Amino acid sequence: MDDLIKGLRVLDSTTMVAMPTATHILADMGAEVIKIENHTAPRSEGGGIFPDNKPGSNFWNRDGLFHTLQRSKLDITLNLRSDEGQEAFKDLASLSDVIIENNRAGSMGRLGLDYEEIKKIKPDIIYISNTGFGYTGPWKQYAGIGRMFELTCGLSQFTGYTDEGPRRVGAAFYDVPVGWTAVFAIMSALLHRQKTGEGQWIDFSMYQIGVSTIGDKILDYVANKRNGHVMGNAHEYYAPHNIYPTKGEDKWIAIGTENDSQWFTLCEIMENPEWCLRDEFSDSFSRHKNREDLDLLISEWTTSQDNHELSDILQSKGIPAGPIMNSKDLLFDQHMNDRGFYEQITHNSSDNIGKQIYSGRAWKMSNAQSKIRRPGPGMGEHNEQVLSELLGYDTDIIDDFYDLGIIADQPINQRSSSNPPSLEKLKEEGTITDFDTDYKTSLGLE
């Protein structure tokens with residue numbers, strides 16, 4: 001099978017989660033992605049996810065989140081505040097197809113590295129600037145991170161429970177979808193360039209991605225003047241449609257019926273208890289009106305059921321259902337493993353990380369290869385390779401770059417990583433549910 005986008009070169013001058021997600025997807029699909037890293041600060045200062053919860057002496061190369069987001073990429077360090085670093089960036093840009101940056105609006109312009117400057121040396125460059133709120137509008141200078149957008153963009157109007165205020169989903173919900181959407185924008189721009197020879201600048205706003213995901217709610221207001229509200233785990237017009245407790249500690253199942261046929265089938269599976277015949281459950285409107293009473297009755301039945309076994313039974317009868325999964329459940333889920341979603345990667349021995357498992361992509365292709373190409377790079381691991389082999393810089397120049405701090409292979413002004421709390425302490429505080437001491441054996445990492 002062919003690498004899908006082999007030959008595409010991408011400069012990745014990004015941080016955080018959203019845009020590194022976009023670039024590792026491109027790298028997994030075969031693009032040569034060169035991560036340009038800022039070495040004037042550590043990658044992690046004790047807040048990372050480290051193997052066996054141990055930062056180690058070279059903690060900046062052991063952060064699990066970094067390796068998840070930077071896999072399949074080459075890595076060089078450049079101090080872009082130096083004239084030499086800016087010139088090296090431009091040299092790389094002249095040989096690249098795509099540049100991605102996610103600084104606050106105007107930052108790259110102040111360095112002389114914005115789209116207007118780069119297109120002078122590479123007219124057909126695709127240059128994407130990801131900001132919180134875009135380059136126009138009254139909020140253009142506002143800072144934004146993924147964890148705030150579900151609140152700002154309107155999603156929290158529909159998340160949470162009726163007796164509480166707005167709630168976040170939990171994790172940085174929008175970061176990853178923003179990364180996926182960026183891939184779509186980049187590939188669209190490349191297709192346009194293929195047809196016309198024209199490059200372009202993509203002004204990419206995370207806020208707009210967030211708002212677009214609740215488009216049906218905006219349409220409901222435009223068409224019907226209805227302003228939605230929080231409904232917990234219930235549905236706007238389907239019932240029963242909720243999550244229900246099952247046998248075992250903190251075990252749940254999601255069940256959703258969409259029509260009378262599915263409701264009658266559910267009643268049969270429950271062995272037709274007498275309450276199924278009550279008038280208040282006789283049609284879809286009545287069931288929705290009395291959904292709280294209905295949910296209590298269904299919960300009494302599900303508490304004696306195994307969530308996986310019940311899901312299989314309901315699905316076999318055409319009723320949408322599924323067990324509520326946590327992160328451990330997902331890692332051992334047979335369906336995900338049978339589809340090859342998880343990929344095992346062996347890290348560089350110097351980082352003392354060993355084998356680790358990473359999530360793959362959300363799709364499979366019949367005639368193209370998409371996989372993790374290499375583990376996340378060490379800081380500045382490919383400085384010499386990129387500067388020498390790609391740009392033709394000689395050894396003396398590269399040595400001078402190291403001496404002047406323009407490039408590096410470890411953070412400058414390194415600050416020691418504080419020891420993270422023990423797993424026992426995290427469990428006691430409620431930060432984690434539990435931990436497995438034999439997880440490596442269970443996951444086949446030993």
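A polar contact is a pair of N or O atoms within 3.5 Å. One such pair sits at the start of helix H17, which covers residues 395-404 of this predicted model: there, a side-chain oxygen of Asp394 comes to within 3.2 Å of the backbone nitrogen of Asp396. The other end of the helix has a feature too, as Gly405, just after H17, takes a positive phi of about 80°.

Next comes a histidine. His67 belongs to helix H2, residues 64-70. With a relative accessibility of 1%, His67 counts as buried, because the cut-off for that class is under 20%. Its side chain has polar company all the same. A polar atom of the His67 side chain lies 2.8 Å from the backbone oxygen of Asn61, and the backbone oxygen of Gly376 is 3.3 Å from a polar atom of that side chain. Leaving aside residues up to four places away in sequence, His67 touches Asn61, Arg62, His347, Ile353, Tyr358, Gly376 and Pro377. Asn61 and Gly376 thus turn up in this list of contacts as well as among the polar partners, Asn61 at 2.8 Å and Gly376 at 3.3 Å.

Turning to charged pairs, the count of salt bridges comes to 20. One of them brings together the side chains of Lys217 and Glu236, at 2.8 Å from N to O. Lys217 is part of helix H9 (residues 215-224), while Glu236 sits in the loop between H9 and strand S8 (241-245), so this pair ties together parts that are 19 residues apart in sequence. Both ends of the bridge get some exposure: Lys217 is partly exposed at 22% relative accessibility, and Glu236 is partly exposed at 40%.

Another bridge runs from helix to helix. Arg287 pairs with Asp260, and their closest N and O atoms are 2.6 Å apart. Since Arg287 lies in helix H11 (residues 284-289) and Asp260 in helix H10 (residues 260-269), the pair links parts that are 27 residues apart in sequence. Here the two partners fall into separate classes: Arg287 is buried, with a relative accessible area of 1%, whereas Asp260 is partly exposed, with 32%.

A further salt bridge joins the side chains of Glu274 and Arg278, with an N to O distance of 3.5 Å. Glu274 counts as exposed at 54% relative accessibility, and Arg278 as partly exposed at 32%. Elsewhere, Asp28, Arg71, Glu343 and Arg361 are joined into one network by salt bridges that share partners.

Technical notes
Residues numbered from 1 in each chain as written. Predicted model: local features only at pLDDT ≥ 70, side-chain atom pairs only at ≥ 80, totals over all residues. Heavy atoms only, no water. Helix = DSSP H or I, 4+ residues; strand = E, 2+ residues; numbered from the N terminus. Buried < 20%, exposed > 50% of the residue type's maximum accessible area, 1.4 Å probe, protein only. Polar contact = N/O pair within 3.5 Å; in protein donor to acceptor, adjacent residues only side chain to side chain. Contact = heavy atoms within 4.5 Å. Salt bridge = Lys/Arg side-chain N within 4 Å of Asp/Glu carboxyl O.
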